[in-house]
Amino acid sequence: MASPYSKELLLTMYRKMYLIRRFEERAGQQYTLGKIAGFCHLYIGQEAVAVGPNEAIRPDDYMLSAYRDHGQPLARGSDAGMVMAELFGRGTGYSKGKGGSMHIFDIEHHFYGGYGIVGGQIPLAAGMAFASRYRNEDRVTVCYFGDAAANQGAFHETFNMASKWKLPVIYICENNRYGMGTAISRTSAVPEIYKRAAAYGMRGEPVDGMDCLKMYEAVKDAAAYCRAGKGPVLLEANTYRFRGHSMADPANYRTKQEVEEERKNDPIPKLRDYALKQKLAEDAQFDAIEEEVKAQVDAAVKFADESPEPSLDELWRDTIVAEGEEDVRPRERVLGMKVTNWPKYPSGQELKVTWDLEPREQAEQADKKAGLSR
Amino acid sequence: MPELMYREALNQALAEEMERDANVFLIGEEVGRYNGAFKVSQGLLDRFGSARIIDAPISELGFAGMSVGAAMVGLRPVVEMMTWNFAILAMDQIVNNAAKLRHMSGGQLRCPIVFRGPGGAGGRLSSQHSQALEANYAHFPGLKVIAPATPADAKGLLKSAIRDENPVIMFEGERLYALKGEVPEGEHVVPIGKADVKREGTDVTIITWSRMYYFCMEAAEQLAKEGISAEVLDLRTLRPLDEEAILASVRKTNRVVIVEEGWALAGVGASVVDIIQSKAFDDLDAPVERVTGLDVNMSYAANLENATQPDAPKIIAAVKKVLYREGA
Amino acid sequence: MATPIQMPSLSPTMKEGKIVKWLKKVGDKVSSGEAVAEVETDKSNLEIEAFDDGYLLQIVVGEDQMAAVGAPIAFLGAKGEKVDAGKSAAKPAEAPSAAKPPPPPAPAAKPAAAPPPAAPAAGGGGGGRIAVAMPSLSPTMKEGKIVKWLKKVGDKVSSGDAIAELETDKSNLEIEAYDDGTLAEIVVGENQTAEVGAPIAYLTAKGGKAAAAAPAPAPAAPAPAAPAPSAPAQASGGGQVVPLRREEPAAAGGRRLRASPLAKKIARERGLDINQVRGSGPSGRIVKRDIEEALTKGVSAPAAKKAPAPGARPAAGVRPEPQVVPLTSMRKVIAQRMTEVKPGVPHFYLTIEVDMDAAVKVREEAKAMDLKVSVNDLIVKAVAMAVRRYPKINVSLQGDHVVQYSTVDVGIAVALEEGLITPILKDADQKGLQAISTEVRELAERARKRALKPDEYTGGSITVSNLGMYGIDQFVAVINPPQASILAVGAVADKAVVINGQLAVRKMMTATLSCDHRVIDGAIGAEFLRELRGLLEHPTRLLF
């Protein structure tokens, strides 16, 4: 059977996954050299979870993540050098070196950040999806969080609202089986996270997170569902991180065999094998991509290393927005590029809110059903 | 000028701003069909519809965070907290997200949002419902904190808050909602960060905000009968503090009493004292006195409740102390 | 080329690591991402990965040995390649002794990749000298004068201790230490001045030796063979240091003075000795109202310690040291104003001689009537009348406009122990001699007590300064702005003069008018003086 995927799509996915892999390996190396400090959570092993969904949505759809957040912006198209510079704490980073590894933001590419409080981004995503409905846009919001975040109150509070108000948001739980060093099954009454969606009358499904194409298909379908106004979707991407929770984690809580077994399931060779089998691409093409990506990552490290630390004047900026102050456009600021696709919103006079979140009859029916009025 | 209740002034500000800007929406518990737990949002659901006046589930963290998300992409949410005691559940979203988004994103994002609701003792509600929590929020860079005392300031500051490009925390008062005062109609905007001399005086400065303002005015009236001229400075904004106004008044009277409903330790008043001692030391003729809520949890019993809070007699005693007229 | 495998940094707090086990041995093939050794950090045991493909050429840090983060623990390279001797020379320290990082080799990455060379001891660490800089204590402060050292060389100093008292352009303040240590050297002596930021003393950090002669921190530029740093008693700024004695405030009863900051400020500004004021606040705290009371009622002048009488004989063989007394604030204001006025206001001078026979007679007549009227009172009255008649002199230049006064207010220079002040006699042209006499005396009296209110020494367009009582024949005075003129009056003395071709002895007086040429021209001054002379020579005209 012919593959439903184009060669371009497969090569793009491969390039992005390989970029994330190489980028993260070098980030790990730079951490050991003392160039990167603080907490540094690598994405190695989970590449398919970032890349598949990104190719299944539109570039202007919103995306946000937790603190394991290097993979998604790279998938979205962020500048690798500027992401690396942010990890290095340099002024040329996306957040001028103020955020570091856990807080990558690239608004130009509609990546709304990495968040350091477990589950803290879950309500934000619902709010962004709310804004889309409020403005009658057909945008979806994709929100990543880890398996352990599913035990936060924010998860439950938000799912209730998102489902009740049919917000166009796709939640992707990256279930890599461990919340830091604690296996999710040890702390969860229902360790299958997707099942929790049912409690809020919401669609919830498991997906093979080690397969880029399965992630692609699942999110493509979920996005169509959201855009049709049917409400939010929870996808549980079953994945695995090949490395510890952070650079300081020896991962003694799992066996070597377990890691070795999972490595056999590596999403990157898997995609390559698929493309080769389907005769959609040849080894030489993959080798060329690998060489290009290696050079790209080398250049990213060099760019970060040669970049200056942020100016001390930056200390007093970006805490409070001064009157008339514009937003900072990183690629314009750092690379001098003209950024044209910066988000624009309708003014308060242009905007017409036509959405009726809870029509009166509906509210009255609900009251009646609950026995509150007759 | 029409006389309005504090809650009516807030309602007017909300309605005017929502009329002016379709990006503004109000979300909170009981704001819609119930017309507001304290009737601040009365009539707004009928006027603006259910997408803009949103009855939220009892999920303070959830709807606070959802609103922050909406603000990140261009909307201007007003989040009503039924009381600030409940907002403690939402503090993670306010402090870890709203206050830090601009910074974490290196200036890419802004978060124009208002969190508002009543603070302070409501009256016979015991400890969980009787906290003046403004010092908590005044602590965080990235937030602005306002606490108007009069209906006119309530309207003017809420309008400023909705138009501000930053997260603004607004402390109203359960016992202020029914108070009446003159409120200018239409475009009445009070700038954030500006204190107001509500009563001029020469002998002592009484610095306060929110509900305590009324006790201070009562004390000032009584002191005037004894020939003591007290200036009452209503801070109105607690972050950023209006240092200029504070110092100007201290330089004029040389003696200061600071009155706040919350607890003394790490209170806003402590920071005001710090500004005074470091920038107007040579203008002080007496140590600064503070009148604060007692360092205990609020009780239900009427006598205990009253004794816990500042009142006019306590303020008068403090004024006499800084004037060295104790026992006079 | 052989590349090192470095001891990685695996946690935010990790400084060094111990090799628990080598997973590869020399000669083994290694690929990027492969674990080569197990390391024990401050947190846990982790694996060290290779970031290059190659063969393990050499193991530098053996099992159970420690290495600092960044130090090479092994070398990778092509099969059979030899490791450069220079590279492998570094030997790790034996476990468990503290890590001593060998100098970082030059790996493919830039040397900056290694942690900064550990040389903290050379800097501000144990035993270093810490400079205490002249602080900036007001927005306008450029320099400060040390009034008094509160610590002496060798004293222990803790952060927050006041170590010296400082006089700035605004007030006296204390300098605090911001470090713990021992006061090793005083660079700026008492009553000496130093610029803001300049070191005024050095501390030896805790644990360091309090050697006063410790070398100064290395200057930015290599210094030439400089002489040993100055000993504590010597000034580094050059110039002789005079051992100084400071006038101690009369700390009444030896107890600490309790006064509100505001009271202290007002007392300082008004030149009032706060030690003489009784406090009415709690525990006797002096507050604003006490100072105000003292200023209106006047306090008895403090029994200031008298400087030794000039005639006092020093001990045999000892030449007395000069006494250096700090400027009082009044003296400072005078000094500042005079330096501003003389070049700032273009003066010109007009001198007349006046026959005072008639005027002296008026005084004698008054005396006969038991009234006290001095020649000076007459002069004041005459000046006032002359001003009334020549209003062009009754002006003052203020900014870019001229103020024309419609009242005649005359200043009278009064000498004080510490300077001078010019009380103003208001409406002098309207007052009789008797009134002038009484009022001038009363003003002078209160001026000496420093009890004048500001509006009693401001205003007017002219001042009379009389040094006749000191036997001065003639002098010129400096205008007291914003006034526009000043009359310098010499002594009345018998002189031989020619009157109508006849030599006669008359009581003569010389007076010199200094005028602000910006608002008064020569002719106006001359006309005024002619009128003044006429009035004094024919005092009956004062009646009209």
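**Figure 1. Chain B holds 12 helices and 14 strands.** This is a predicted model. Chain B has 328 residues, and 61% of them count as buried. Look next at contacts between residues at least 6 apart in the sequence of chain B. Of these, 79% join residues at least 24 apart.

**Figure 2. Chain B meets chain A.** On the chain B side, 43 residues are in contact. On the chain A side, 48 residues are in contact. Three helices of chain B each supply at least two residues to the side that touches chain A: helix 3 (60–72), helix 4 (91–98) and helix 5 (101–104). Which helix of chain B gives the most to this side? Helix 3 does, with 10 residues. Now sort the chain B side by class. There are 19 polar residues, 16 nonpolar residues and 8 charged residues.

**Figure 3. Chain C touches chain B.** Chain C brings 9 residues to this contact, and chain B brings 8 residues. On the chain C side, helix 2 (residues 261–270) gives the most, with 4 residues. What classes of residue make up the side of chain C that touches chain B? The split is 5 nonpolar, 2 polar and 2 charged.

**Figure 4. An annotated domain lies in chain C.** An unreviewed UniProt entry carries the annotation "domain: Peripheral subunit-binding (PSBD)" for residues 258–295 of chain C. In the model, the end C-alpha atoms of this span lie 18 Å apart. The span is 47% helix and 0% strand. Helix 2 of chain C, seen in the view before, covers residues 261–270.

**Figure 5. Helix 1 and helix 2 of chain A cross.** Two packed helices are described by the angle between their axes and the distance between the axes. Here the pair is helix 1 (residues 7–32) and helix 2 (residues 47–56) of chain A. Their axes come within 9 Å. They cross at roughly 145 degrees. Is the crossing of helix 1 and helix 2 of chain A left-handed or right-handed? The crossing is right-handed.

**Figure 6. A closer view shows the residues where helix 1 and helix 2 of chain A meet.** From helix 1 come A:Leu9, A:Thr12, A:Met13, A:Lys16, A:Met17, A:Ile20 and A:Arg21. From helix 2 come A:Glu47, A:Ala48, A:Ala50, A:Val51 and A:Glu55. By class, the contact of these two helices has 7 nonpolar residues, 1 polar residue and 4 charged residues.

How values were computed: Residues numbered from 1 in each chain as written. Chains lettered and ligands numbered in written order. Predicted model: local features only at pLDDT ≥ 70, side-chain atom pairs only at ≥ 80, totals over all residues. UniProt positions renumbered as here; feature names shortened; annotations may be inferred. Contact = placed C-beta atoms within 7 Å. Nonpolar A, V, L, I, M, F, W, Y, C, P; charged D, E, K, R; others polar. Buried ≥ 20, exposed ≤ 12 C-beta atoms within 10 Å, placed from the backbone. Axes fitted to C-alpha atoms, helices over the stretch in contact; angles between N-to-C directions. Left-handed = near helix turned anticlockwise from the far one by under 90°.
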